[in-house]
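Visitor: I am new to reading protein structures, and I would like to learn how one goes from a picture to careful statements about it. Could you take me through an example?

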Amino acid sequence: MSVIEVSRPHQLDRAHAIQAADDLARSLSDQFHVHYTWDGQILRFRRTGVKGQLEVNPDTIHIRMELGLLLRPFKDRIENEIHRHLDHLTAT
């Protein structure tokens, strides 16, 4: 199993941090067909071959994603997409 783990500091208020996390999840869902649900302040997502969570904290957004065998070749692309979205969403 291959793991992507990204933590990003932010200066967003809670509502905007949740919105940023939701925007990222929606983008990943559109591009990689990931299904997601909110469980309190943790956004859980999964699809065949991938599962993970995105946690919104007061000063960080933390993502942990586990990729199965078939999605390992896409690890760099997925991780780059996560960084790109977080760069955009957390820019001040």
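Guide: We will look in turn at the core, a cavity and three buried residues of this model, which is predicted.

Visitor: Where should I begin with the nonpolar core, and which residues touch the most other members?

Guide: A nonpolar core is traced by joining buried nonpolar residues whose side chains lie within 4.5 Å of each other. Here the largest nonpolar core has 25 residues, and those that touch the most other members are Leu-24, Leu-54, Met-65 and Ile-82. At least two residues of this core come from each of β1, α1, β3 (42-47), β4 (50-56), β5 and α2 (75-90), and α1 gives the largest share, with seven residues. To see one member at work, follow Leu-24: setting aside residues up to four places away in sequence, Leu-24 touches Leu-54, Ile-63, Ile-82, His-85, Leu-86 and Leu-89.

Visitor: How many cavities of 30 Å³ or more are found in the whole structure, and which residues line the largest cavity?

Guide: The search of the whole structure gives one cavity of 30 Å³ or more, and the space in the largest cavity is about 40 Å³. Its lining is made of Leu-28, Phe-32, Val-34, Val-50, Met-65, Leu-67, Leu-71 and Ile-78, with α1 (14-32) and β5 (60-67) each supplying at least two residues. Sorted by type, the lining has eight nonpolar residues, no polar ones and no charged ones. Met-65 is worth finding in both views, as Met-65 appears in the lining of the cavity and also among the core residues that touch the most other members.

Visitor: Now for a charged residue: is Arg-8 buried or exposed, and what do the side chains of Arg-8 and His-83 share?

Guide: To decide this, one compares the relative accessible area with a cut-off, and buried means under 20%. Arg-8, which is in strand β1 (residues 2-9), has a relative accessible area of 14% and is therefore buried. Its side chain makes a polar contact of 3.0 Å with the side chain of His-83, and another of 2.5 Å with the side chain of Asp-87. Beyond residues up to four places away in sequence, Arg-8 touches Asp-59, Thr-60, Ile-61, His-83, Leu-86, Asp-87 and Thr-90.

Visitor: What does the side chain of His-10 reach, and where is His-10 found?

Guide: His-10 is found in the loop between β1 and α1, and with a relative accessible area of 7% this residue is buried. The side chain of His-10 reaches the backbone nitrogen of Leu-12 at 3.0 Å, while a polar atom of that side chain lies 3.5 Å from the backbone nitrogen of Thr-60. Sequence and space can be read side by side here, as His-10 and Thr-60 are 50 residues apart along the chain, yet their C-alpha atoms are separated by 5.4 Å. Apart from neighbours within four places in sequence, the contacts of His-10 include Ala-17, Asn-57, Pro-58 and Asp-59.

Visitor: Which residues does Glu-81 touch, not counting residues up to four places away in sequence?

Guide: Glu-81 is in helix α2, and on that count Glu-81 touches Ser-27, Gln-31 and Phe-32. Glu-81 is buried, with a relative accessible area of 11%, and its side chain is joined to that of His-85 by a polar contact of 2.8 Å. You can now link this back to the earlier views, for Phe-32 also lines the largest cavity and His-85 is touched by Leu-24.

Key: Residues are numbered from 1 along each chain as its sequence is written. This is a predicted model: local features need pLDDT of at least 70, side-chain atom pairs count only at pLDDT 80 or more; totals for chains, interfaces and linings use all residues. Side-chain values use heavy atoms; hydrogens and water are left out. On a 1 Å grid over the protein atoms alone, a cavity is a set of points where a 1.4 Å probe fits but cannot get out, and a pocket is an open set with protein on both sides within 12 Å along at least five of seven lines; lining residues have an atom within 4 Å of a point. Grid points are joined across faces, edges and corners, and a volume is the space filled by probe spheres set on the points. Helices (H or I, at least four residues) and strands (E, at least two) are DSSP runs, numbered from the N terminus. Ala, Val, Leu, Ile, Met, Phe, Trp, Tyr, Cys and Pro count as nonpolar, Asp, Glu, Lys and Arg as charged, and the others, Gly among them, as polar. Buried means under 20% relative accessible area, exposed over 50%, partly exposed in between (1.4 Å probe, protein chains only). A polar contact is a pair of N or O atoms within 3.5 Å; within protein, one must be able to donate a hydrogen and the other to accept it, and residues adjacent in sequence count only if both atoms are side-chain atoms. Contact means heavy atoms within 4.5 Å.
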